[in-house]
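Trainee: I would like a close look at one residue and then at how the rest of the chain is arranged. Please take it step by step, since I am new to this.

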Amino acid sequence: MRRTWRERSEGLRARLRQRMVAWRREPAVVRVEKPLRLDRARALGYKAKQGYVVLRVRVRRGGFQKPRPRSGRRPKAIGVTRHRVNISTKEEAIQRALKNHPNLKALGAYPLASDSLYSWYEVVAVDPHHPAVNS
């Protein structure tokens, strides 16, 4: 499974391209049933039981600054700052996932795919207070 993701055959690329079309229309943070890369999720500590959550997070690609729009915008929609300087996009994905789900603790994240505008990560998180996790 790991080799399949590392080599990315033409069939896998085509399936990812199809999925990215659908992912672009979804919200930035989406809870998914099962991880797409099971080997990476397991390496981070994922188990297929209650209390473990997998979130697909979309992060915008590009540099730190975006050109300031010339025409009028309300301040919220200007969107000049894209990323923080000291944080990788992977870490940014983890922080966004935890912002949406404050009761979870992140075990880690790994990249899924990227196009010219976005990168998608899967964040593996766990509910530390769930009885199935504590046992």
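Trainee: Where is the place of Arg68?

Mentor: Arg68 sits in the loop between β2 and α4. Keep in mind from the start that this is a predicted model. Arg68 has a relative accessibility of 58%, and it counts as exposed because the cut-off for that word is over 50%. A second value describes its position relative to Tyr52: the two C-alpha atoms are separated by 41 Å, and the residues are 16 apart along the chain. For scale, the C-alpha atoms of the protein fill a box of roughly 55 × 40 × 25 Å along the principal axes.

To place that loop, look at the order of the elements. The protein has five helices and four strands. Read from the N terminus, they run α-α-β-α-β-α-β-β-α. The loop of Arg68 comes after strand β2, which covers residues 52-60, and leads to helix α4, which covers residues 89-100.

Follow the loop to its far side and you reach helix α4. This helix has 12 residues, which should span 16 Å at 1.5 Å a residue; the end C-alpha atoms are 17 Å apart, so the two values agree. The expected value uses one less than the number of residues, which is why 12 residues give 16 Å. Four residues of α4 are buried: Glu92, Ala93, Ile94 and Ala97. These buried residues pack against β1, β2, β3 and β4. Strand β2, where the loop of Arg68 begins, is thus among the partners of α4.

Now go to the other side of the loop, to strand β2. Arg56 lies in this strand, and its side chain forms a salt bridge with Glu26, with the closest N and O atoms 2.6 Å apart. Glu26 belongs to the loop between α2 and β1, so this pair ties together parts that are 30 residues apart in sequence. Arg56 counts as buried because its relative accessibility is 10%, under the 20% limit. Glu26, at 27%, is partly exposed. Compare the labels of the two arginines: Arg68 counts as exposed, whereas Arg56 counts as buried.

The general idea behind such pairs is simple. Side chains of opposite charge can pair when their charged atoms come close. A search of the whole structure finds five salt bridges, and the pair of Arg56 and Glu26 is one of them.

Another of them joins Arg2 and Asp39, with 3.6 Å from N to O. Arg2 is in helix α1 and Asp39 in helix α3, so this pair links parts of the chain that are 37 residues apart. Arg2 is partly exposed at 45%, while Asp39 is buried at 15%.

A further salt bridge stays within one helix. Glu10 and Arg13 come to 3.4 Å between their closest N and O atoms. Both lie in helix α2, three residues apart, which is about one turn of the helix. Glu10 counts as exposed at 52%, and Arg13 is partly exposed at 40%.

For contrast, take a charged residue without such a partner. Asp127 is buried yet has no salt bridge. The nearest side chain of opposite charge belongs to Lys105, 8.4 Å away, and a salt bridge requires 4 Å or less, so the pair does not qualify. Asp127 is in the loop between β4 and α5. Leaving out residues up to four places away in sequence, Asp127 touches Gly51, Asn103, Leu104 and Val133.

One more loop residue deserves a mention. Arg8, in the loop between α1 and α2, has a phi near 50°, a positive value in a residue other than glycine. Most residues other than glycine have a negative phi. Arg8 is partly exposed, at 27% relative accessibility.

Finally, some totals for the whole chain. Of the 135 residues, 35% count as buried. Among contacts with a separation of 6 or more, 59% come from residues 24 or more positions apart. The accessible surface is about 9000 Å², and carbon and sulfur atoms hold 49% of it. There are 33 positive and 10 negative charges, and their mean positions are 6 Å apart.

Key
Residues are numbered from 1 along each chain as its sequence is written. This is a predicted model: local features need pLDDT of at least 70, side-chain atom pairs count only at pLDDT 80 or more; totals for chains, interfaces and linings use all residues. Side-chain values use heavy atoms; hydrogens and water are left out. Helices (H or I, at least four residues) and strands (E, at least two) are DSSP runs, numbered from the N terminus. Buried means under 20% relative accessible area, exposed over 50%, partly exposed in between (1.4 Å probe, protein chains only). Contact means heavy atoms within 4.5 Å. Accessible areas come from the Shrake-Rupley method with a 1.4 Å probe; for residues, only the protein chains shown count as cover. Lys and Arg count as positive and Asp and Glu as negative; His and the chain ends are not counted. The place of a charge is taken as NZ of Lys, CZ of Arg, CG of Asp or CD of Glu.
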